[in-house]
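Dear colleague,

Please find the structure we discussed below. My notes on its salt bridges and on one helix packing follow it.

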Amino acid sequence: MEQQSKDPLHGKRLDAILEELVEYYNGFEKLSEQISIKCFTDNPSISSSLKFLRKTPWARTKVESLYLFVLREKKRKESRG
């Protein structure tokens with residue numbers, strides 16, 4: 001029997017994470033208030049942000065950390081009703 005990973009990032013693609021964050025924050029403007037990265041502030045797009053995040057480990061780590069925070073927030077809101 002295979003053991004499933006408890007890591008919420010396991011199997012999650014970076015593009016899906018980014019799209020979910022943009023949706024959660026209603027666009028790049030609010031997302032850039034959470035993570036101040038130039039690719040979110042200057043003419044942002046999913047495609048240009050992905051290029052930057054794929055070659056910049058520290059920025060990707062920040063995005064993944066924010067995603068984990070958002071998942072916890074969503075879970076809290078669901079449990080409250």
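**Salt bridges and helix packing**

Asp15 is buried, its relative accessibility of 17% falling under the 20% cut-off. Please bear in mind that this is a predicted model. The partner of Asp15 in a salt bridge is Arg13, with 2.9 Å between the closest N and O atoms. Arg13, by contrast, is exposed, because its relative accessible area of 56% is over 50%. This salt bridge therefore joins a buried residue to an exposed one.

The count for the model comes to five salt bridges. In general terms, side chains of opposite charge can pair when their charged atoms come close.

A second pair consists of Lys74 and Glu20, whose side chains meet in a salt bridge at 3.3 Å from N to O. Lys74 belongs to helix H5 (residues 57–80) and Glu20 to helix H1 (residues 14–24), so this pair ties together parts that lie 54 residues apart in sequence. Both residues count as partly exposed: Lys74 has a relative accessibility of 29%, and Glu20 has one of 23%. The two also belong to a network of salt bridges that links Lys12, Glu20 and Lys74.

A further salt bridge is found within helix H5, where Glu64 and Arg60 both lie. Its closest N and O atoms are 3.0 Å apart. The two residues are separated by four positions, about one turn of the helix. Glu64 counts as buried, since its relative accessibility is 19% and the limit is 20%, whereas Arg60 is partly exposed at 28%.

I turn now to the packing of helix H1. Two packed helices are described by the angle between their axes and the distance between the axes. H1 packs with helix H4 (residues 46–55) at an angle of about 125°, and their axes are 10 Å apart. H1 is therefore oblique to H4, and the crossing is right-handed.

Which residues in H1 and H4 meet? From H1 they are Leu14, Asp15, Leu18, Glu19 and Val22, and from H4 they are Ile46, Ser49, Leu50, Leu53 and Arg54. Sorted by class, this contact has six nonpolar, one polar and three charged residues. Asp15 thus appears twice in these notes: it pairs with Arg13 in a salt bridge, and it is one of the H1 residues that meet H4.

With kind regards

Technical notes
Residues numbered from 1 in each chain as written. Predicted model: local features only at pLDDT ≥ 70, side-chain atom pairs only at ≥ 80, totals over all residues. Heavy atoms only, no water. Salt bridge = Lys/Arg side-chain N within 4 Å of Asp/Glu carboxyl O. Buried < 20%, exposed > 50% of the residue type's maximum accessible area, 1.4 Å probe, protein only. Axes fitted to C-alpha atoms, helices over the stretch in contact; angles between N-to-C directions. Parallel < 35°, antiparallel > 145°, perpendicular 65-115°, else oblique. Left-handed = near helix turned anticlockwise from the far one by under 90°. Contact = heavy atoms within 4.5 Å. Nonpolar A, V, L, I, M, F, W, Y, C, P; charged D, E, K, R; others polar.
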